[in-house]
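Here's a quick walk through one helix, one asparagine and one annotated span. Have the coordinates open while you read.

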Amino acid sequence: MKVVLLLCGLALAAAHPTWEEFKAIHERKYVDAEEENYRRSVFDHNLQLVKDHNAKHERGEVTFTLAMNKFGDLTNEEFNAMMNTYKSGQRGGAHAKEFDLDVDAPKAATVDWRTSGAVTGVKDQGQCGSCWSFSATGSLEAQHFFSTGKLISLSEQQLVDCANGIYYNQGCNGGWVDMAFEYIYDYGSQTEASYPYYAVDMSCRYNSNSVAATLRNYVDIPQGSESSLLSATASVGPISVAIDASKYSFQLYYSGVYYESSCSSTSLDHAVLVVGYGTESGSDYWLVKNSWGTSWGESGYIKMARGRSNNCGIATEASYPVV
């Protein structure tokens, strides 16, 4: 019992740090006293939101917890402007194919493609609105692995720098997964090692000699169909998806099955990667890999509510490459 209480106490301390602890953990330094006072006021506001929400969790009213993570001194408006710049609505490019999997086929109760070696480690997009590129490379990394038996980390920076112009993407100012696939169809994807990530817009430095993965086409999953997304995740592998990540509850997510009643299923602002699904404490979830580093959420992952009317739009703009 003492061990359990100690662990609970440590978890609470991590979720509810003091201002000085927060600054030390996240290495915060502010330009002057005025800026620090403002950030302290934002921190205090967010900390109260976290405490109030976690009290609801303790009463069994919600299925997930919050914590004061590295976004704890940002307002929700600042957070969204910095992190959530996915461009929703651009689907069905020249090389998109129709979804033709059997949605009624038997499926495993739990799927986690990490255990098959098909998922690279959690990456960090930094202060660059490049989520779309991380989602695209994540699904391509998996399909390349299934095809070759080799898991290779692919370059997001190449997409940020090069997949613009006729592909419409805007680098750190946002983009579309399908348009990233269109670019990769034309040019291929270099390795992360040959074209490393810098989290800023740079000039295109494409090198065809370093291309490690290509695709033949890609599949757009029927809009809003969680059953189709389930079928694809079970039989194809990790799937690129877009979601509404605009709420403070997503900003400060820590653990558990995320269900947000105020989420939109159509106004999507963030691209992520579904790598599996399962059930926790009676709540069905999608296992989702984010691109905000391992200090956010469950070591960089979030369990998002499954089978609850396409909550946060997770099945609205889902797609995957065919290699």
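Helices and strands here are DSSP runs, numbered from the N terminus, with at least four residues for a helix and at least two for a strand. With that in hand, Asn69 sits in the loop between β1 (64-66) and α4 (76-83). Keep in mind that this is a predicted model.

Is Asn69 buried or exposed? Its relative accessibility is 5%, so Asn69 counts as buried, the cut-off for that being under 20%. Setting aside neighbours within four places in sequence, Asn69 is in contact with Phe22, His26, Gln251, Leu252, Tyr253, Ser295 and Trp296. With Gln251 there's a polar link too: the Asn69 side chain reaches that residue's backbone oxygen.

Now for helix α3, residues 33-58. Its 26 residues should span 38 Å at 1.5 Å a residue, and the end C-alpha atoms are 37 Å apart, which agrees. At the N-terminal end, Asp32 acts as the cap, with a side-chain oxygen by the backbone nitrogen of Glu34. After the helix comes Gly60, with a positive phi near 80 degrees.

The two polar contacts mentioned so far:

| Side chain | Backbone atom | Distance |
|---|---|---|
| Asn69 | oxygen of Gln251 | 2.9 Å |
| Asp32 (oxygen) | nitrogen of Glu34 | 3.3 Å |

Which residues of α3 are buried? They are Arg39, Val42, Phe43, Asn46, Leu47, Val50, His53 and Asn54. As background, an α-helix has 3.6 residues a turn, so residues three or four places apart point the same way.

Finally, the unreviewed UniProt entry annotates residues 107-322 as "domain: Peptidase C1A papain C-terminal". That span is 23% helix and 23% strand, and its end C-alpha atoms lie 21 Å apart.

How values were computed:
Residues numbered from 1 in each chain as written. Predicted model: local features only at pLDDT ≥ 70, side-chain atom pairs only at ≥ 80, totals over all residues. Heavy atoms only, no water. Expected span 1.5 Å × (residues − 1). Buried < 20%, exposed > 50% of the residue type's maximum accessible area, 1.4 Å probe, protein only. Polar contact = N/O pair within 3.5 Å; in protein donor to acceptor, adjacent residues only side chain to side chain. UniProt positions renumbered as here; feature names shortened; annotations may be inferred. Contact = heavy atoms within 4.5 Å.
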